[in-house]
Amino acid sequence: MPLLNIISFLGIFGLCFIAWLFSENRSPRVFPWRVAIAGILLQLALGACVFILPGTRDALQVFSNLLNSVFDAADTGARFVFGRNIVPVPGTPPDVNLGYIFAFRALPTVIFFSGLMALLYNIGVIQVITNVFAKVFYATMRLSGAEALSGAANIFVGIEAAIVVKPFLPKMTRSELCAILACCFGTAASSTLAIYVSFLKPVFPNILGHLVSASIMAIPACFVLSKILVPETEVPVTAGGIPVEEKQTKVRDTVKEPGEVAADAGDFPRTRIQVDDDDDVPVVPQETVQETVGGEPIERVSPLDAAIVGALDGVKMAVAIAAVLILILGFVSLINQVFAWLATLPFPIGNTGSPSGVAPGFFGLVTLQNILGALFLPLTALTGVSLNWEELWQSSIIIGRRLFETAIPPYQELAAAAALPVGERVISDRAVLIISYALSGFAHLASVGIFVGGTIALIPSRRKDISELGWKALFIGTLATLMIACVAGVFDTGNASILGERQPLTVSPSPTPTASTSPIASPTITPPPTPIAVPARPSPRATQTVPQPSPRATVRTTPQLRATPAQPSVSPKPTTSVRPGQ
């Protein structure tokens with residue numbers, strides 16, 4: 001086995017050790033041996049199916065091609081609304097090349113995918129798949145039934161997975177709550193996968209199938225790490241099995257007083273229901289059939305109604321994604337502008353004199369992305385992404401950026417780095433594969449408010465526990481995505497069929513991207529040197545222009561991972577001549 005594959009294999013246990021160091025109870029008596037062993041073996045088995053077994057890999061390819069047709073369908077709808085210049089026809093150059101506009105290319109796919117998933121849920125397809133995975137997780141790792149069911153639902157949805165087990169949430173143990181929250185952070189909802197695929201498909205044609213497999217592998221990874229960080233010391237209510245969905249027939253008697261509990265009448269099954277205080281109008285008894293998901297009653301609607309409602313929910317999600325990106329990337333730019341201003345001050349630690357003026361010193365090399373890159377460097381090294389320092393450093397920066405910026409800008413940067421010609425690329429195919437797995441998930445700060453706030457809204461009585469466990473779950477989700485990246489690194493053999501056959505890339509006639517023209521205008525990131533003993537020589541690729549991919553998948557690169565003009569060997573001008581324009 002090559003050295004990098006061995007490093008990836010050992011990295012799985014290294015991440016478990018890190019979780020154990022921060023555990024609430026490090027006693028060997030409560031260590032989840034069965035969950036840890038079975039969870040790791042389950043990940044390796046799933047990885048073997050995806051990467052080694054020819055039949056499974058061929059099936060994954062067919063599945064990817066099938067879902068790619070879904071994305072083409074979404075582009076068709078967006079093309080009708082926005083026009084072929086904004087959403088070009090595949091293989092046909094537009095009359096006016098406007099480049100890749102994120103709001104018009106990625107977000108409409110979220111709307112379409114949200115409606116499609118709502119349709120599949122309405123006709124029962126999602127429930128069948130979810131129950132299969134829930135039974136697998138329960139049988140192998142002996143989780144509680146509610147944990148297994150909620151974790152399996154996370155393969156397709158986000159915080160909505162908690163609704164599946166809502167009746168059991170108030171009585172769940174701390175360990176169960178932490179595991180359910182961790183699964184939310186460690187996996188990506190199906191609707192957001194559309195955005196990632198839109199970036200990486202030109203350089204990673206099989207990306208969709210791998211992202212789906214990453215979501216499946218992330219569930220046992222989250223359970224392993226959550227049970228290590230917050231061990232189970234109580235007996236869960238659903239330890240005996242998986243909760244089942246039921247269909248009940250309910251009727252209401254005439255209610256005389258507001259708030260009165262009415263009993264069912266007639267020969268129908270008797271079920272007691274609570275009537276709202278403002279419902280003081282007598283009700284005529286009648287039969288109403290309701291579906292319950294984990295005890296939560298929902299009204300039965302037609303598949304078309306479900307698809308429309310899902311699409312409208314997708315609109316809300318798309319607007320929320322755009323708003324979060326504007327806010328977060330604006331904050332990141334503001335922080336980096338502060339660092340750029342500090343680099344202009346004549347502090348001995350910040351700058352050193354030069355004949356042409358002030359040259360950047362410590363603060364000239366400090367950006368938020370570089371700080372996160374240094375923080376994630378040991379974790380990135382555990383994935384076995386590379387032994388080359390420059391590639392390891394850039395991989396660490398891309399992975400670290402997700403913590404603040406969400407996964408969308410890092411995926412875009414990864415696609416841009418992988419689209420370079422072979423002679424100019426720093427990111428190898430192995431790095432593209434591992435980073436793609438490491439970025440899959442919602443393990444970023446913006447999700448803390450979504451998942452913690454959403455879960456508290458479901459069970460206000462557990463507000464204190466959920467608030468405390470939210471940050472632990474974010475930590476677990478981060479480690480879990482790195483763990484599945486290790487699994488991908490274990491089985492990566494360099495076979496070209498893993499990434500898929502790339503389409504020839506053509507140079508776009510659009511101007512060379514700069515920090516001001518990039519669709520994700522994030523601040524410039526300087527490569528080594530950094531305060532952690534990084535070599536001081538600039539990269540020979542620092543001043544090269546980057547060709548664009550084809551018009552269908554034009555991804556404008558951002559200069560996050562290349563030397564800035566602030567370095568003395570590149571330009572003696574002050575850093576402020578570049579950064580304020582970002």
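**View 1. Arg142 in the loop between helices H6 and H7**. In this predicted model, Arg142 is partly exposed, with a relative accessible area of 48%. Its place is in the loop that links helix H6 (125–141) to helix H7 (145–153). Have a look at the backbone here: Arg142 has a positive phi of about 55 degrees, although it is not a glycine. Most residues other than glycine have a negative phi.

**View 2. Thr406 in the loop between helices H13 and H14**. Here is another residue other than glycine with a positive phi: the value for Thr406 is near 70 degrees. Thr406 lies between helix H13 (389–405) and helix H14 (408–418). Is Thr406 buried or exposed? Thr406 counts as buried, because its relative accessibility is 7% and the cut-off for buried is under 20%.

**View 3. Helix H14 under cover**. Follow the chain into H14 and you meet a helix that is mostly covered, with 11 of its 11 residues buried. Among them are Pro409 and Pro410, Gln412 and Glu413, and the alanines Ala415, Ala416, Ala417 and Ala418. Ile408 and Tyr411 of H14 are buried as well, and both are touched by Tyr196.

**View 4. Tyr196 and the largest nonpolar core**. The largest nonpolar core has 138 residues, and those touching the most other members are Phe102, Ile195, Tyr196, Tyr411 and Tyr437. Which residues does Tyr196 touch, leaving aside those up to four places away in sequence? They are Ala188, Leu211, Ala407, Ile408, Tyr411, Gly441 and Phe442. Another core, of six residues, lies apart from this one; Phe339, Ala343, Leu345 and Val366 are among its members.

**View 5. Helix H2 from end to end**. You can check the span of this helix for yourself. H2 covers residues 33–51, and at 1.5 Å a residue its 19 residues should span 27 Å; the C-alpha atoms at its ends are 27 Å apart, so the two values agree. Buried residues of H2 include Val35, Ala38, Gly39, Leu42, Gly47 and Phe51. In an α-helix, residues three or four places apart point the same way, because there are 3.6 residues a turn.

**View 6. A nonpolar patch on the surface**. Finally, we turn to the outside. Leu3, Ile6, Phe9, Leu10 and Phe13 join Leu387 in a nonpolar surface patch, and together they have about 570 Å² of accessible area. One of these residues, Ile6, belongs to helix H1 (residues 3–21). Ile6 is partly exposed, with a relative accessible area of 34%.

How values were computed. Residues numbered from 1 in each chain as written. Predicted model: local features only at pLDDT ≥ 70, side-chain atom pairs only at ≥ 80, totals over all residues. Heavy atoms only, no water. Helix = DSSP H or I, 4+ residues; strand = E, 2+ residues; numbered from the N terminus. Expected span 1.5 Å × (residues − 1). Buried < 20%, exposed > 50% of the residue type's maximum accessible area, 1.4 Å probe, protein only. Core = buried A, V, L, I, M, F, W, Y, C linked by side-chain atoms within 4.5 Å. Contact = heavy atoms within 4.5 Å. Patch = residues over 30% accessible without salt bridge, like charges linked within 9 Å, V, L, I, M, F, W, Y side chains within 5 Å. Areas by Shrake-Rupley, 256 points an atom, 1.4 Å probe, with all protein chains shown as cover. Salt bridge = Lys/Arg side-chain N within 4 Å of Asp/Glu carboxyl O.
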